[in-house]
Amino acid sequence: MGRKQPSRKRRPRSKKFRPSVRPWPATILAIDPGETSGAALFVGGRLQGVWRVSGADPAKQVVAVAQETERETELPLVVVLETWAGNIPGGTVTASGLGSAAGMWRAVLELAKHPKRRTLKVNPMTWYARLIGGRKTRGKDKVVSAMLLRFPELKRSKGIDHNVAEAVAIGVWASRAGEVGKVLPKKTLKAHAFPTQFDLSGAKEVGS
């Protein structure tokens, strides 16, 4: 008899989340972390404001605005933070800077007592494939152009650069992303006529 081949362990499948056909009833703060971060605030899928953020104090102010918006609208705040996985364009120096900036935002959110469950991470490849198409390598100009086309009012702002444009893009993705719907309270979903149970069978992950 031949020798029995050792069985190969299957890699665990990543979670699949079905995107919503309409924006979630949520306040969303989307963040593209960096030495100068981009931040964008959405309510019910509508863009409310954008910021260029350098340092912890301005970040605290942006989070405070987002939390005040949450209280006024009574729509739960979900923070979506871009996080790279794998090789990062720009190498070790870029990776160090992005990690430091993301850590600063997480510290600010913790200080503001934002629920950790509603702080989500998204890989740029995920939202880029959904909104722009293809793989995100050197697509900064494409993101800026696409967001200016979608939100003409951004042209009147002098602070629009690729950081802000990417934060806006993350917010657009998050407004319908299944990952966001999964962390929203059931009472919020029910009040806005959203299903409180998610059938994930056969769902395809955005960007896969």
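Let me start with a term: a residue is buried when its relative accessible area is under 20%, exposed when over 50%, and partly exposed in between, using a 1.4 Å probe and protein chains only. By that rule, Phe-42 and Phe-151 are both buried, and I will come back to them.

What you see is a predicted model, where local features need pLDDT of at least 70, side-chain atom pairs count only at pLDDT 80 or more, and totals for chains, interfaces and linings use all residues. Numbering runs from 1 along each chain as its sequence is written, and side-chain values use heavy atoms, with hydrogens and water left out.

First, the layout. The protein has seven helices and five strands; these are DSSP runs numbered from the N terminus, H or I of at least four residues for helices and E of at least two for strands. The order along the sequence is β-β-β-α-β-α-β-α-α-α-α-α. Of its 208 residues, 42% are buried. A contact means heavy atoms within 4.5 Å. Taking contacts between residues at least 6 apart in sequence, 68% join residues at least 24 apart.

Next, the hairpin. Strands S2, residues 37-43, and S3, residues 46-53, run antiparallel and are joined by seven bridges; two strands pair if DSSP finds at least two bridges between them. Gly-38 faces Arg-52 of S3 across the pairing. Two residues separate the strands of this hairpin, and Gly-44 in the turn has a positive phi of about 55 degrees.

Now back to the phenylalanines. How many aromatic pairs turn up in a search of the whole structure? There are two, where rings of Phe, Tyr and Trp (its six-membered ring) pair if their centres lie within 6.5 Å, with planes under 30 degrees apart called stacked, over 60 edge-to-face and the rest tilted. Phe-42 and Phe-151 make an edge-to-face pair, with 6.2 Å from centre to centre and 70 degrees between the planes. Phe-42 belongs to strand S2, while Phe-151 sits in the loop between helix H4 (140-150) and helix H5 (162-174), 109 residues apart.

Both residues also appear in the largest nonpolar core, among the residues with the most contacts inside it, as do Trp-127 and Val-168. Such a core is a set of buried Ala, Val, Leu, Ile, Met, Phe, Trp, Tyr and Cys residues joined through side-chain atoms within 4.5 Å. This one has 33 residues, and H5 gives the most, with nine. Another core, apart from it, has 16 residues, including Ala-59 and Leu-109.

Helix H3 (124-131) is one of the elements that supply at least two residues to the largest core. Within H3, Pro-124, Thr-126, Trp-127 and Tyr-128 are buried. At its start, a side-chain oxygen of Asn-123 comes within 2.8 Å of the backbone nitrogen of Met-125. Just after H3, Gly-133 has a positive phi of about 100 degrees.

Last, two residues to check by eye. Most residues other than glycine have a negative phi. Glu-74 is not a glycine, yet its phi is positive, about 60 degrees. Glu-74 lies in the loop between helix H1 (56-73) and S4. Is Glu-74 buried or exposed? Glu-74 counts as exposed because its relative accessibility is 68%. Lys-113 also has a positive phi, near 60 degrees, and is found in the loop between helix H2 (91-111) and S5. Lys-113 counts as exposed because its relative accessibility is 75%.

How values were computed: A polar contact is a pair of N or O atoms within 3.5 Å; within protein, one must be able to donate a hydrogen and the other to accept it, and residues adjacent in sequence count only if both atoms are side-chain atoms.
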